[in-house]
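Got the viewer open and a cup of something warm at hand? Let's take a walk through this one, a selection at a time.

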Amino acid sequence: LALALERYGFFDLLREKGFDDFLISFDTASSTRHVFRLHSGERRPERLLIEVAACIRPLYPPDGEECRVLRVEWLLMQDPSSAFSLEQPPLPGQDYPGLGLFRWFGELLRLVAMRLECDGLSNQPQHYHNGHLYGKVMTFFHPEDEGLLRALDRDLLTRDRLTLAEATRAVDQGRVIDEATGEPIRWEMRAQVLPITLRLSPYFIADSYRSQVIAAQETRRFRVVDDPCSIA
């Protein structure tokens, strides 16, 4: 793995950020869920750059064959040498600013999934901002969840012109209200998928899936309140 990270140029990207002396470790205590960690210099929490927990799981598209996906259950990519600022405030769940290298590491994960003969790469975003960022290359498995994400993007980012940091904090704090119910939305971890093989990709481009996404998006409306305790 160290050889692959070197040859694919990922270590060079980290060196450009001032890191070196890379230490790779694994936790394989579970036979079905393995953890990969990458430290710089020392194996201490404040030197941790990347931590990813992954497993292989089945996925069952409606009216389709059973598929295998490499599911990323947890992904941490952080720059412990950097500090937050007014221009880059912390996002929910962050102890340090991000590395800014998900585009490249995500491609490595896709190659791992291909090597393991999986039909797709999957994750379960913990927060709205994760779902938004991963949504640039991945799609929620259930069309209702994809429609929800698009409705949030439309109302918070496009209409209200919130920054992603402001929007995800509002969701996390319970200040984003579903206008149909008057209740705050609670972000739930649901599967997002990047199809790799033709066993899985037809499900996401089918008219039935796309029409359900549009319907879910058009029926959801959200607004942001200053204080969740003031909700009538």
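Start with helix α6, residues 164-172 of this predicted model. Colour A165, A167, T168, A170 and V171, which are the buried residues to look at here. Now show what surrounds them: the cover over the buried residues of α6 includes α4 (128-134), α5, β7 (176-178) and β9 (222-224). Before you leave, step past the end of the helix to G174, which follows α6 and has a positive phi near 75°.

Next, stay with one of those covering elements, α5. Select α5 as residues 143-159, and add helix α8, residues 207-218. How do the axes of these two helices cross? They come within 7 Å and cross at roughly 45°, which means that α5 is oblique to α8. If you want to see who touches whom, show side chains on both helices. From α5, the contact is made by P143, E144, E146, G147, R150, A151 and R154. From α8, the partners are Y209, Q212, V213, A216, Q217 and E218. The crossing of α5 past α8 is right-handed.

Now move to helix α3, residues 102-115. Try a distance label between its end C-alpha atoms: they are 19 Å apart. Why does that fit? At 1.5 Å a residue, the 14 residues of α3 should span 20 Å, so the two values agree.

With α3 still selected, which of its residues are buried? Highlight F105, G106, L108, L109 and A113. These cover an arc of only 155° around the axis, so they sit on the same side of α3. The geometry behind such a pattern is simple: an α-helix has 3.6 residues a turn, so residues three or four places apart point the same way. Rotate to the face turned away from the buried side, and you will find R103 and R115, both exposed.

What lies over the buried residues of α3? The cover includes two helices, α1 (2-7) and α2 (10-16), along with strands β2 (34-40), β3 (48-59), β4 (67-77) and β5 (120-123). Just beyond the end of α3, click on E117, where phi is positive, at about 60°.

For the last stop, pick L194 in strand β8, residues 192-195. Leaving aside neighbours within four places in sequence, L194 is in contact with R110, G120, L121, V137 and M138. Then add S85 to the selection: L194 and S85 are 109 residues apart along the chain, and their C-alpha atoms are separated by 33 Å.

Key. Residues numbered from 1 in each chain as written. Predicted model: local features only at pLDDT ≥ 70, side-chain atom pairs only at ≥ 80, totals over all residues. Heavy atoms only, no water. Helix = DSSP H or I, 4+ residues; strand = E, 2+ residues; numbered from the N terminus. Expected span 1.5 Å × (residues − 1). Buried < 20%, exposed > 50% of the residue type's maximum accessible area, 1.4 Å probe, protein only. Arc of directions from axis to C-beta. Contact = heavy atoms within 4.5 Å. Axes fitted to C-alpha atoms, helices over the stretch in contact; angles between N-to-C directions. Parallel < 35°, antiparallel > 145°, perpendicular 65-115°, else oblique. Left-handed = near helix turned anticlockwise from the far one by under 90°.
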